[in-house]
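This report walks through one protein model, from a single aromatic residue outwards to the whole fold. Please keep the sequence and the 3D view open while reading.

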Amino acid sequence: MCKHILNAQVSIRAPCCRRWFDCPECHAEASDHQLRKTTEMVFACKKCKKVFRKDMADYTEVDEYCPHCDNHYVLEAKVPEPSIGIEGEDIRIDARMIKDPRMKQKFDPASFDDLDWSDVLG
């Protein structure tokens, strides 16, 4: 899985070292050389696992689909975005995350004396 592009649909074989990568950043992290540029690309579809070649010199809109399974592999890239959140189970199932078991919950029955019960009782 590529950590740079979350929705990568194909792997690309680098023409310089003939190893498979999901994006140029993955190649840069794993290799000690520059990615060689070429017009003929070799792809491996992640859906059907079949390999195919595309000549980028005459690339058209029809070429955005895998020739074996019609998987649309040219998509707008989804990149990871940093976010702050709480990791844990769904609080509707397990509410221990929002309650502190070290704190004793106080119940004050006198707090109900201040309420106007006429609306509730009718």
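Phe43 is buried, with a relative accessible area of 5%. Buried stands for under 20% relative accessible area, exposed for over 50%, and partly exposed for values in between, using a 1.4 Å probe and protein chains only. The model is a predicted one: local features need pLDDT of at least 70, side-chain atom pairs count only at pLDDT 80 or more, and totals for chains, interfaces and linings use all residues. Residues are numbered from 1 along each chain as its sequence is written, and side-chain values use heavy atoms, with hydrogens and water left out.

**Aromatic pairs**

The protein has three aromatic pairs. Rings of Phe, Tyr and Trp (its six-membered ring) count as a pair if their centres lie within 6.5 Å; planes under 30 degrees apart are stacked, over 60 edge-to-face, and the rest tilted. One of the pairs joins Phe43 to Tyr73, and it is tilted, with 5.4 Å centre to centre and 45 degrees between the planes. This pair links distant parts of the chain: Phe43 lies in strand β3, Tyr73 in the loop between β4 and α2 (118-121), 30 residues apart. Tyr73 is buried as well, at a relative accessible area of 9%. Ring pairs tie Phe43, Phe52 and Tyr73 into a cluster.

**Fold and sheet**

Two helices and four strands make up the secondary structure. Their pattern along the sequence is β-β-α-β-β-α. These elements are DSSP runs numbered from the N terminus: helices are H or I with at least four residues, strands E with at least two.

The four strands form an open sheet in the order β2-β1-β3-β4, with antiparallel pairing. β2 (20-21) and β4 (51-55) stand at the edges with a single partner strand each, so one side of each has no neighbour in the sheet. Two strands pair if DSSP finds at least two bridges between them. Strand β3 (residues 40-45) is joined to β4 by five bridges. Met41 has Lys54 in β4 as its bridge partner.

**Phe21**

Phe21 is found in strand β2. Is Phe21 buried or exposed? Its relative accessible area is 10%, so Phe21 is buried. Leaving aside residues up to four places away in sequence, Phe21 touches Ser11, Ile12, Ala14, Cys26, His27, Ala30 and Ser31. A contact means heavy atoms within 4.5 Å. Between the C-alpha atoms of Phe21 and Ala44 the separation is 9.8 Å, with their positions 23 residues apart along the chain.

**Cysteines**

How many disulfides does the protein have? The count is zero, where a disulfide is a pair of cysteine sulfur atoms within 2.5 Å. Two cysteines show why: in each case the closest cysteine sulfur is too far for a bond.

| Cysteine | Closest cysteine sulfur | Sulfur distance | Relative accessibility |
|---|---|---|---|
| Cys16 | Cys17 | 4.1 Å | 28%, partly exposed |
| Cys48 | Cys69 | 3.7 Å | 23%, partly exposed |

**Whole protein**

Of the 122 residues in the protein, 20% are buried. Among contacts with a separation of 6 or more, 33% involve residues 24 or more positions apart. The protein exposes about 10,400 Å², and carbon and sulfur atoms supply 53% of it. Accessible areas come from the Shrake-Rupley method with a 1.4 Å probe; for residues, only the protein chains shown count as cover.
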